[in-house]
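Visitor: I am new to this structure and would like a close look at a single part of it. Could you choose one stretch and walk me slowly through its surroundings?

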Amino acid sequence: MNAPNQSGWKPGTPVEGHTAMNGPDTATGNRALMLEEPLIFEIAGNDTTGVDLPEPQGGKNRLGGLERSAPIGLPGLSEPETVRHYTRLSRQNYAIDLGLFPLGSCTMKHNPRLNEKIARMPGFADVHPLQPVDTVRGALEVANELAHWLIELTGMHGVAMSPKAGAHGELCGILCIRAALEARGDAREVILVPESAHGTNPATAAFAGYRVEDIPANGDGRVDLEALKARLGPDVAGVMITNPNTCGLFERDMKAISDAVHAAGGFVYCDGANFNAIVGKVRPGDLGVDAMHINLHKTFSTPHGGGGPGSGPVVLSEALSPYGPLPFTARTEDGVVHLVEEENADEFAHTKAFGRMTAFHGQTGMFTRALAYILSHGADGLKQVAEDAVLNANYLLRSLDDVLDAPFAHSGPCMHEALFSDKGFADDISTLDLAKALIDEGYHPMTMYFPLVVHGAMLVEPTETESKAALDQFILALRHVAERAKAGDEGMKSAPYYAPRRRLDETLAARKPLLAWADQSAPPGKPSLSEQGGR
Amino acid sequence: MRYLPLTDADRSAMLAKIGAPDIDALFADVPEEARLSGPIHGLPMHASEMAVEKHMRRLSKKNLAAADAPFFLGAGAYRHHVPASVDHIIQRGEFLTAYTPYQPEIAQGTLQMLFEFQSQVARLYGCAVANASMYDGSTACWEAVAMASRVARGKKRKVVLSGALHPHYAEVVRTMAKFTDDEIAGAPPSLTARPDDDGLIARIDDDTSCVVVQYPDILGRLPDLSRIAEAAHEKGALLIAVNTEPVALGAIQSPGELGADIVVGEGQAIGVGLQFGGPYLGLFAVRDEKHVRQMPGRLCGETVDAQGKRGFVLTLSTREQHIRREKATSNICTNSGLCALAFSVHMTLLGEEGLRRLAMENHRLACLAADRLAKVPGISVLNDSFFNEFTVQLGQDARQVVRELAGKDILAGVSLGRLFPDNDALADGLLVAVTETTTEEDIDTLVSALEELLA
């Protein structure tokens, strides 16, 4: 169908006059472009600095007698050494810029560079959160304009913009629910969460003081509506449901679930991690949702940055909006955007806020990027985003379901991600082995062992920013490793072979935690740089 | 649409492979009544890069950038010069567009960086272990309070907050404590030359799980952490020190050295920039290794690979939500990875020597500003001691003064009225922060403007 590699090279292609061979060991441990990089602590000088600053004059200070007496032990490098160190480190990372990154539920899509440029405009990057509001109206407008589109896209009533990440948004939503219940004098104790939920859901409910109980799933990988109805009662504060769910399926009964929960006096929290599958097509507000966080880094493509920063605005129903936290922005009829904080909440009739979740106004740097993303795509583009994401996932599902077990494929199409299990693998080959073999093929693995409801789960999310050619090459690679897994290829157990590191010993890391650098030659507890002389 | 690579021919071929007649067939599980019939209300169609940039530039121009005015704001967010190479490095796609390092064999770049970052933060704070970062200083502060409660095994419920803790941080703690059993004992700040350490110590009792003290405090003063630590430890409580200006620790002793048990703070001042309040960088460290397993957030640790080569992994994840679910130490999932990278790169460029020089240059300019402001009739400087931020009293409502000076494109500082709107006793206070980016000319401009306004 297609070459394994679009450059035309195929494994085993003999090239006249050349023979394959293993190379010799090198003196440096490097292998051409694969460079071993020491820690900054191992290469830094005691007095080296990459910044030109004046030598202090000495004399009196006003530090209250607290001036430092001992060195800190911080390594310093010149600018060229610094740039080289981090550039070398960067080359040991896989990234969406390097290739398809099929991490299910994490939504690794292309990050437009226009958005980076915009976030760095001095009017956004170089303004202080406590500047007089008349000097930051543009920044407030960005937050307000984004808030407006988030409300429109979800069909909700209000939005709390300040949560710093998805899990922080979950907490915000659950606290709104708790505040609303307490306001009507209704102390409820339980939040129901399906077993397939992200770990943050039960952790959030517990952090907010609730007891967590499972909602059973049916054979289709969806919430069992009848079982849920049977559990609802005066002790249930609400449910947390991910839709589309973590099996990559739309919860067909969502509206009926919401109606049942509302009838029992509870609230519906929707985990919006997978909103990217339905943006522009379905509005959660039309399904009876009361609160939903939106991971701006997933649906609206702000960069994941190697683990954050995220941003987790929470859209709220009419019933919950009055309890949303401070601060937020509000546009008055004259078109002016205001910052609503503790001192002026009364003027904006927002007197029931449950409090404040963070020091300032939220992830403004992410708001600019997300707004640019929404405006770039527009109404037609956002709908296309959802459609292409779902199309790409179904294409993967149907191109692989003959070689990998797809437990819910019989019940119809998937949404934005395809779920497979390890059924059919040789006994001693695991999902982990397949994932590590996929690394050797040049791919970041899919999400492994999640959701928990499927044995040896592999959750594959290609996103809409992959071309058909990119999908075809990935399918070829995944078919190959799947076939090896079924054949019981023992070599997979030692994969990866070609990554910057072979399989890492995670057990050792947890048993003997080494969490900060310590010079082995220095006495314990003493920073080594101070031992080496210096000032 | 420039971000979507599929062509219509691709789409048709793929639908054929799937066996679906059209794209709607793939949304068959979405009930008809849940489908949006038309386009999103009011949202225009897709726009070119040029058009979007123009719209956003127009909004950015409605803000007064700090670089375009004499600038004296602090109160938890500080403007420092960030070397150009920092932004270059964090925009490398391998860092910018990577995910959380769950597959360590192909994420050693992020992991080694995090290990170096943790080591830098631990040393800066005088602690044994720092985590891979939190959302920001205020959320790190609450997480520290929650951790102290775990360490006390829920047997101690009282949280003693210093009156000179950043009011937003205190508000986050109060908000979160509403939903736990913690009892928050706060106090209003008072305009005194020195922090009221005695008053704070007097509020610590046997039911106290932790004492939360900001260092330097919200008024720029320097509390006696070692004395507070001693008093806290006598009652079996933990001392949580909060630092919002890491550059200060190049000049003054670290909270860990002074006996703080948990040190948290805002790392934004190094490498991250102002960004109107976020994304920022929460720092979190513990002085004693014995508390590591009660820490929230990600931790990166050293190990070896199958060939014995050194490598790094995320570790001790049995504390975390994706393993422990409702029994996790926190619901936190993400860290502030790219901001941690910016911090680490900037800190590497500075090094011990650069940080010391940077800190002393901040302090020199702050002393100069305090001296010049003290000579303005009607102004008095409150602080006995400070690092790069101090409080002046203007003898009139500082909020009004700040607004009027902003009208003249002078960003004069943060009025205490903005921070503590309910506390009239603080209304004439103005927090003035001075960094290496402040010039003597900026200081003179502020002094002249205040002379004129207060005359």
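**Around the two domains of chain A**

Guide: In this predicted model, the C-alpha centres of domain 1 and domain 2 of chain A lie 30 Å apart. Domain 1 of chain A covers residues 116–371, and domain 2 of chain A covers residues 379–511. Where these two domains touch, domain 1 of chain A contributes 18 residues and domain 2 of chain A contributes 21 residues. On the side that belongs to domain 1 of chain A, the touching residues comprise eight nonpolar, seven polar and three charged ones.

The part to look at closely is helix 11 of chain A, which runs through residues 364–400. If this helix of 37 residues were straight, it would span 54 Å at 1.5 Å a residue, yet its end C-alpha atoms are only 41 Å apart. Along its course, helix 11 of chain A bends by about 95 degrees, and the bend is placed at A:Gly378. Of the 37 residues in helix 11 of chain A, 34 are buried, so the helix is largely enclosed by the rest of the structure.

From this helix we can turn to the nonpolar core. The largest such core has 319 residues, and those with the most contacts inside it include A:Cys176, B:Cys141 and B:Ala285. Helix 11 of chain A supplies the largest share of this core, namely 20 residues. On the chain B side of the picture, B:Ala285 is in contact, once its neighbours within four places in sequence are set aside, with B:Val121, B:Ala122, B:Tyr125, B:Cys127, B:Val129, B:Ala130 and B:Val263.

The contact between the two chains takes 177 residues from chain A and 167 residues from chain B. Within chain B, helix 12 (residues 337–374) gives the most to the side that touches chain A, with 20 residues. Sorted by class, that side of chain B holds 84 nonpolar, 50 polar and 33 charged residues.

Returning to domain 2 of chain A, whose range is 379–511, there is one more detail of the backbone to find. Most peptide bonds are trans. The bond from A:Phe450 to A:Pro451, however, is cis, with omega near 0 degrees, and A:Pro451 sits in the loop between strand 11 (447–448) and strand 12 (458–460) of chain A. Chain B also has a cis peptide bond, joining B:Tyr215 and B:Pro216 with omega about -10 degrees; there, B:Pro216 belongs to the loop between strand 4 (208–214) and helix 10 (225–234) of chain B.

Methods: Residues are numbered from 1 along each chain as its sequence is written. Chains are lettered from A and ligands numbered from 1 in the order in which they are written. This is a predicted model: local features need pLDDT of at least 70, side-chain atom pairs count only at pLDDT 80 or more; totals for chains, interfaces and linings use all residues. Helices (H or I, at least four residues) and strands (E, at least two) are DSSP runs, numbered from the N terminus. The expected span of a helix is 1.5 Å times one less than its number of residues. The bend at a residue is the angle between axes fitted to the seven residues ending there and the seven starting there. A residue is buried if 20 or more other C-beta atoms lie within 10 Å of its own, exposed if 12 or fewer, and partly exposed in between; C-beta atoms are placed from the backbone. Two residues are in contact if their C-beta atoms, placed from the backbone, lie within 7 Å. Ala, Val, Leu, Ile, Met, Phe, Trp, Tyr, Cys and Pro count as nonpolar, Asp, Glu, Lys and Arg as charged, and the others, Gly among them, as polar. Domain bounds come from an automatic or database domain assignment. A nonpolar core is a set of buried Ala, Val, Leu, Ile, Met, Phe, Trp, Tyr and Cys residues joined through C-beta atoms within 7 Å.
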